[in-house]
Amino acid sequence: MSPDAGAGARMHALVRELYPLPRSITGDAVRQTLARAAEIVPLAVSEVPSGTPVLDWTVPEEWNLRGAWIDGPDGTRVVDARDHALHVLGYSVPFRGRLTRDELDQHLHSLPDAPELIPYRTSYYAPRWGFCLPDRLRRALPDGEYDVVMDTSLGPGHLTLGEVVIPGATEDEILISCHVCHPALANDNLSSLAVALEAAQTLTGRPTSLTYRFVFAPGTIGAITWLARNPAVIPRIAGGLAISNLGDSGSLTYRSSRRGDATMDNVARDEVRRRGGSAREFTPYGYDERQYCAPGFNLPVGLLSRTPWGEFPEYHTSADNPDFVTAEALADSLDALLAILAGVEAAGPTPPDRPRPGRDAGGAEAYLNLAPYGEPQLGRRGLYSAIGGATDGKEAELAMLWVLSLSDGDHTMVDIALRSGMPATTLAAAASRLQAAGLIVPLAEAPTDAWPDPWSG
Ligand code: ZN
């Protein structure tokens, strides 16, 4: 098989077309993106009302951007969301006012180490407004009064999900999951939307044993919403991939599922290595594989990317634009994805590993996660930083995610330290915060009806 140049050009054109839309976790730009996808594949779109409880979360209010700008002391417009969707802090609440330079500066985000680039920042769950701009521009703002307009709406609405199912001869399913919530970023993650749509078209014409389900959902809350609404599908998932960052010129990377030994893991690891790429172990932080791999689900869903998130300097900045991704890389990623799926078809699916928490840690320090289905919402418990998009200062959060992921009754705190490679003291501090928040209990004190069956209801 050689990568398909025609498909590469089509995918790159789609990335370029959808790039400017001010997508977020809800709103019209996600609808427009999915409407365009529905012209390519028979996409089923569902709208889930704000306020709907989903696992440990609640579907948020819907956010839409009409316009946003800052006018300087001399009346010159210094920032305008029409120039770049990244200029708006995602989920900014509405605001109109006149501010001094110092007051305005409290609401600005920039990258001193990359002064020409606009950063991508969000504040989904803490109500605030803000602008993102090149640090060079921020430093050059003169003293004086600024007129600020953040013309957004935030209120009851819906969260929008898209999915397409390609039936095979059996009900065993392969899940391909792609986040669609990023504004004006190309590699992360329009590249994968384009690859997923092209793969779905290819599989539609092919007799397969497995059924393929492509889910297009906003990151985190979208995957959690999908999981909450599909209890009957979950036991049929025999393997899956979250896909992201498939358009840069780096080599392929596969990150294992939490299980690590499923057919998907073995096939994807092998395929990526044969193509000069690398394989990595599971971590509980990343894209939506972390929801599918939550200990209560433990689905064999890994992460396929080229250069992993956070490891290319363009990541979550205005430099991740359509010129950063190439038709060749997109075509190569499509080729690799289809080869992995063919390999899983040939090998046969992995049976579900329905988790049943152990109860005896032999006296060693161990806990049980009391919210094992999807990631619990750490933000509303004050355990998570409010501004999303940044990659720094994450160690304490990562430690909490490791403790949650492996506090399944089968792992002691020593096991978690060994598998995560994190210092025992950092993990102990994370465990004590999680216990104070009621998210874990010492294993010996765990109620016997923890981990209710999510598939019976
Ligand atoms: Zn991202």
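**Entry 1: a hairpin and its sheet**

I started with strand β4 (residues 62-71) and β5, which pair in the antiparallel sense over three bridges. This is a predicted model, so I'm reading computed positions throughout. I looked for one pair along this ladder and found I70, whose bridge partner in β5 is V79. Between the two strands the hairpin has five residues, and G75 there takes a positive phi near 85°.

Next I wanted the rest of the sheet. It is an open one of four strands, ordered β5-β4-β9-β6, with antiparallel pairing. Which strands stand at the edges? They are β5 (77-80) and β6 (95-100); each has a single partner strand, so one side of each is left without a neighbour in the sheet. From one strand to the next, the twist averages 15°.

I also checked the other end of the order. β6 is joined to strand β9 (residues 145-155) by six bridges, and the two run antiparallel. On that ladder I noted R98, which stands opposite D147 in β9. A reminder to myself: strands of a sheet pair through backbone hydrogen bonds, either parallel or antiparallel.

**Entry 2: the eight-strand sheet**

I then turned to another open sheet, this one with eight strands in the order β1-β10-β12-β11-β13-β16-β14-β15 and mixed pairing. Its edge strands are β1 (44-49) and β15 (278-280), each pairing on one side only. The strand-to-strand twist averages 20° here.

I picked one parallel pair to follow. Strand β11 (residues 173-179) and strand β13 (residues 237-243) run parallel and are joined by five bridges. Along them, L175 stands opposite G240 in β13.

What lies across these strands? Helix α2 (residues 28-38) lies across β1, β10 (158-166) and β12 (211-217), running at about 15° to β10. I found helix α5 (residues 186-204) lying across β10, β11, β12 and β13, and α5 runs at about 155° to β12.

**Entry 3: the zinc ion**

Which residues coordinate the zinc ion? I found H182 (NE2), D188 (OD) and H316 (NE2), at 2.0 to 2.1 Å. Along the chain these donors follow the spacing H-x5-D-x127-H.

I asked of two of them: buried or exposed? H182 has 8% relative accessibility, so H182 counts as buried, the cut-off being under 20%. D188 is buried too, at a relative accessible area of 0%.

**Entry 4: an enclosed helix**

I went through helix α6 (residues 221-229) residue by residue. Seven of its nine residues are buried, so α6 is largely enclosed by the rest of the structure. I wrote down the buried ones: I221, G222, A223, I224, T225, W226 and L227.

**Entry 5: α10 against α12**

I moved on to helix α10 (residues 395-406) and helix α12 (residues 424-436). They pack at an angle of about 70°, with axes 8 Å apart. That makes α10 roughly perpendicular to α12, because angles of 65 to 115 degrees fall in that class.

Who makes the contact? On the α10 side I listed E395, A396, A399, M400, W402, V403 and L404, and on the α12 side T426, L427, A430, A431, R433 and L434. By type, the residues of this contact divide into 10 nonpolar, one polar and two charged.

**Entry 6: two loop residues**

I looked up L378, which lies in the loop between β17 (367-369) and α10. L378 is buried, with a relative accessible area of 2%. What does L378 contact beyond its neighbours within four places in sequence? I found L383, Y384, L401, L404, L434 and L439. Two of these came up in the last entry: L404 in α10 and L434 in α12. I also took a distance to M400: 22 residues apart in sequence, L378 and M400 are 9.2 Å apart in space, C-alpha to C-alpha.

My last stop was A437, in the loop between α12 and β18 (440-442). Its relative accessible area is 29%, so A437 is partly exposed. Not counting residues up to four places away in sequence, A437 touches R381 and L383. L383 is also among the contacts of L378. Finally I tried a long separation: A437 and P115 are 322 residues apart along the chain, and their C-alpha atoms are separated by 39 Å.

Definitions and conventions
Residues numbered from 1 in each chain as written. Predicted model: local features only at pLDDT ≥ 70, side-chain atom pairs only at ≥ 80, totals over all residues. Heavy atoms only, no water. Axes fitted to C-alpha atoms, helices over the stretch in contact; angles between N-to-C directions. Parallel < 35°, antiparallel > 145°, perpendicular 65-115°, else oblique. Contact = heavy atoms within 4.5 Å. Nonpolar A, V, L, I, M, F, W, Y, C, P; charged D, E, K, R; others polar. Buried < 20%, exposed > 50% of the residue type's maximum accessible area, 1.4 Å probe, protein only. Donors = N, O, S within 2.8 Å, 3.2 Å for Na, K, Ca; no water. Pairing = 2+ DSSP bridges.
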